[in-house]
Amino acid sequence: THDDDENGCGDDEVNGYIVLGFALGGLAFDLITLLTYKYYGNKKTDEELAMDNADAITCGINTNMCAALLHVISDLARSTTTFIESIVILTIPSVPSTYAD
């Protein structure tokens, strides 16, 4: 039989190498996305802003691109914390992997 805790989850250890793989994959994808944004997500020049009469809120930045950038930055933060979690799981044996997860 399988002993479950009160949440219905088993006490299986978390494999730090799997967590590390997901973290590195996420970091790589996020960095590629940021580089793509840098290349394609250009801000308008001052002359284009003056001709378009852009409002002061967006400063000429496409609102959808700005939202996408914020999403990628939040994903980058998640990937970074997952990377730190994997390092904790792999290097600090006194911390149970299920707690670090």
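Here is a short walk through the structure shown above, from its overall plan to a few single residues.

Keep in mind as you look around that this is a predicted model. The protein chain has four helices and zero strands. Follow the sequence from its start and you meet these elements in the pattern α-α-α-α. How much of the protein chain counts as buried? Of its 101 residues, the share is 18%.

A good place to begin is the pairing of two helices. Two packed helices are described by the angle between their axes and by the distance between those axes. Here the pair is α1, which covers residues 16–40, and α3. They pack at an angle of about 155°, and their axes lie 8 Å apart. Because angles over 145 degrees count as roughly antiparallel, α1 is roughly antiparallel to α3. If you turn the model to look at how α1 passes α3, you will find a left-handed crossing.

Now let us visit some residues along these two helices. Val-19 sits in helix α1. Is Val-19 buried or exposed? With a relative accessible area of 11%, Val-19 is buried, because the cut-off for that word is under 20%. Val-19 also has a partner far along the chain: Phe-83 is 64 residues away in sequence, yet the two C-alpha atoms are 7.4 Å apart in space.

Ser-86 belongs to helix α3. Its relative accessible area is 0%, so Ser-86 is buried. Along the sequence, 70 residues separate Ser-86 from Gly-16, while in space their C-alpha atoms are 5.1 Å apart.

Cys-66 is found in helix α3 as well, but Cys-66 is partly exposed, at a relative accessible area of 33%. That value falls between the limits of 20% and 50%, which is why the label is partly exposed. What is the distance in space between Cys-66 and Tyr-37? From C-alpha to C-alpha it is 9.7 Å, for two residues that are 29 apart in sequence.

To finish, move on to the end of α3. This helix spans residues 63–91, and Ile-92 lies in the loop between α3 and α4, the latter being residues 97–100. Ile-92 has a relative accessibility of 34%, so Ile-92 counts as partly exposed. Which residues form a nonpolar patch on the surface together with Ile-92? They are Val-95 and Tyr-99, and the patch of three has about 300 Å² of accessible area together.

Note on methods:
Residues are numbered from 1 along each chain as its sequence is written. This is a predicted model: local features need pLDDT of at least 70, side-chain atom pairs count only at pLDDT 80 or more; totals for chains, interfaces and linings use all residues. Side-chain values use heavy atoms; hydrogens and water are left out. Patches are made of residues with over 30% relative accessible area and no salt bridge: like charges are joined within 9 Å, nonpolar side chains (Val, Leu, Ile, Met, Phe, Trp, Tyr) within 5 Å. Accessible areas come from the Shrake-Rupley method with a 1.4 Å probe; for residues, only the protein chains shown count as cover. A salt bridge is a side-chain nitrogen of Lys or Arg within 4 Å of a carboxyl oxygen of Asp or Glu. Buried means under 20% relative accessible area, exposed over 50%, partly exposed in between (1.4 Å probe, protein chains only). Axes are lines fitted to C-alpha atoms, for helices over the stretch in contact, and angles run from 0 to 180 degrees between N-to-C directions. Angles under 35 degrees count as roughly parallel, over 145 as roughly antiparallel, 65 to 115 as roughly perpendicular and the rest as oblique. A crossing is left-handed if the near helix is turned anticlockwise from the far one by less than a right angle, and right-handed if clockwise.
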